[in-house]
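Visitor: I am new to this structure and would like to learn how to read it. Could you walk me through a few features?

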Amino acid sequence: MASSVNYNTVWTSIFEPVSTFGFLERYGRLSDLTKRHDLPYHVVGSDLAGVVLAVGPGVNRWKAGDEVVAHCLSVELEDPAGHDDTMMDPQQRIWGFETNFGGLAELALVKSNQLLPKPAHLTWEEAAAPGLVNATAYRQLVSHNGANMKQGDTVLIWGASGGLGSYATQMALNGGAIPVCVVSSPEKAEIVKRMGAELVIDRSAEGYRFWKDEHEQDPKEWQRLGKKIRELTGGDDIDIVFEHPGRETFGASVYVAKKGGTIVTCASTSGYLHQFDNRYLWMNLKRIIGSHFANYKEAYEANRLIDKGLIHPTLSKVYGMEDVGQAARDVQTNTHQGKVGVLTLAPTEGLGVRDTAKREQHLDAINRFRGL
Ligand SMILES: NC(=O)c1ccc[n+]([C@@H]2O[C@H](COP(=O)([O-])OP(=O)(O)OC[C@H]3O[C@@H](n4cnc5c(N)ncnc54)[C@H](OP(=O)(O)O)[C@@H]3O)[C@@H](O)[C@H]2O)c1
């Protein structure tokens, strides 16, 4: 019924850092069944809300007619390595990016262990919006596989009004932590305040230049960010840095984490070859943790928070399928807020709500990003 644009749709569309047809070819070499994915077209998209049309053999948990959302972890689980944390499966892939038949389509193909119940108080497009980023933020920030955030932790959140950041901010607030939200405009600052964040840094207004030139960073700028954080927090340093901009911010992120603090990263939007001063890391016993999407349990727990009305979708704008290129362009140019939705089979916005009483209770929060 609906899907959403993730940054991976941008990467696929611009063939950066690699063409995703290579992923399909590699997946196709695995078995006769996976060969079906290796096609001269790639149906992309890693989120969906919709209805189960048919199930294959061996699927007992779901049946035709079930209203669902899908998370994007595709695993084979034939190798022992994946049976503790399924993200460790050697055949772990992101559906609709490293596999074919993704969510930006009228029909999608998923494994049964990608399905989750659709939150009944949300429309199709709202239910499709949190998926990938919500589960990623959950593992990265909350799960013991990520930063294992606790009450009172000070969390620096880059891109706090963006896809990942808008969920990380809500999770920090919900979990009793203190988010320090970084954004790049007064409008975005307003949005994160509307979510309940009190400590906000406008990186454009501050004019941080962490890199002097292409090769060298400026530690004075790291210090300037650190000073700003202390000013806002009343002297506290950062327990957890929620990282994803990568090259441009990583040196600063390592610097501002407090002694024993954690830098947890899931991406490198501005470049994947990072540089940081390792003295600050080892002398201050900081940790860098790599995080990637989420296992089924984490995705389930993240979706449950949406279902319980503890975390809300951050859907700002919805496009039709014919305008999906523009939807992806908005995300690429960073002119969007929160999440950008796409109607795939739903004829109009606003359909799919089954629990109106619950919706009424959370309506303001659900609509916080709409029209921005
Ligand atoms: N590993 C995974 O499982 C996983 C999952 C989801 C996403 N990702 C990756 O994570 C990245 C972010 O995804 P998203 O959905 O959150 O994208 P998004 O909606 O574009 O949000 C990212 C935010 O980061 C901030 N930002 C961008 N460039 C920056 C820079 N150079 N310095 C500081 N801040 C910068 C921007 O906020 P301001 O301009 O307001 O500061 C932007 O809104 C992408 O690279 C995506 O591929 C990885």
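Visitor: Let me start with one residue: is F101 buried or exposed?

Guide: Welcome! Keep in mind that this is a predicted model. Buried means under 20% relative accessible area. F101 has 18%, so this residue counts as buried. You will find F101 in the loop between β5 and β6.

Visitor: What is the phi of F101?

Guide: Here is the general idea: most residues other than glycine have a negative phi, and most peptide bonds are trans. In F101, phi is positive, near 60°. F15 also has a positive phi, of about 55°, and is not a glycine.

Visitor: Where does F15 lie, and how is its accessibility classed?

Guide: F15 sits in the loop between α1 and α2. Its relative accessibility is 44%, which means that F15 is partly exposed. The loop between α1 and α2 also holds P17, and the peptide bond leading from E16 to P17 is cis, with omega near -10°.

Visitor: Now the strands. Which way do the side chains of β7 point?

Guide: In a regular strand the side chains alternate between the two faces of the sheet. Along β7, T154 and L156 point one way, while V155 and I157 point the other way. All four of these residues are buried.

Visitor: Which strands pair with β7?

Guide: On one hand, β7 pairs with β8 in the parallel sense, over 4 bridges; V155 has P179 of β8 as its bridge partner. On the other, β7 runs parallel to β10, joined by 3 bridges, and I157 stands opposite F242 there. Follow the chain and you can trace a right-handed β-α-β unit made by β7, α5 and β8.

Visitor: Let us turn to the ligand. How many residues surround the ligand?

Guide: The ligand is surrounded by 26 residues, and the closest are L164, S184, R203, F293 and H336. By class, this shell has 11 nonpolar, 12 polar and 3 charged residues. The helices α1, α4 and α5 each supply at least two residues of the shell, with the largest share, 3 residues, coming from α4.

Visitor: Which polar side-chain atoms should I look for around the ligand?

Guide: Try W11, where a polar side-chain atom lies 3.0 Å from an oxygen atom of the ligand. Then find H292: an N or O atom of its side chain is 2.9 Å from a ligand nitrogen atom. For N334, the distance from a side-chain N or O atom to a ligand oxygen atom is 3.0 Å. As for cover, the ligand has 900 Å² of accessible area on its own, and the protein covers 90% of that.

Key:
Residues are numbered from 1 along each chain as its sequence is written. This is a predicted model: local features need pLDDT of at least 70, side-chain atom pairs count only at pLDDT 80 or more; totals for chains, interfaces and linings use all residues. Side-chain values use heavy atoms; hydrogens and water are left out. A residue is near a molecule or strand if one of its heavy atoms lies within 4 Å of it. A polar contact is a pair of N or O atoms within 3.5 Å; within protein, one must be able to donate a hydrogen and the other to accept it, and residues adjacent in sequence count only if both atoms are side-chain atoms. Accessible areas come from the Shrake-Rupley method with a 1.4 Å probe; for residues, only the protein chains shown count as cover. Ala, Val, Leu, Ile, Met, Phe, Trp, Tyr, Cys and Pro count as nonpolar, Asp, Glu, Lys and Arg as charged, and the others, Gly among them, as polar. Buried means under 20% relative accessible area, exposed over 50%, partly exposed in between (1.4 Å probe, protein chains only). Two strands pair if DSSP finds at least two bridges between them. A crossover is right-handed if, with the strands pointing away from the viewer, the path from the first strand over the helix to the second runs clockwise.
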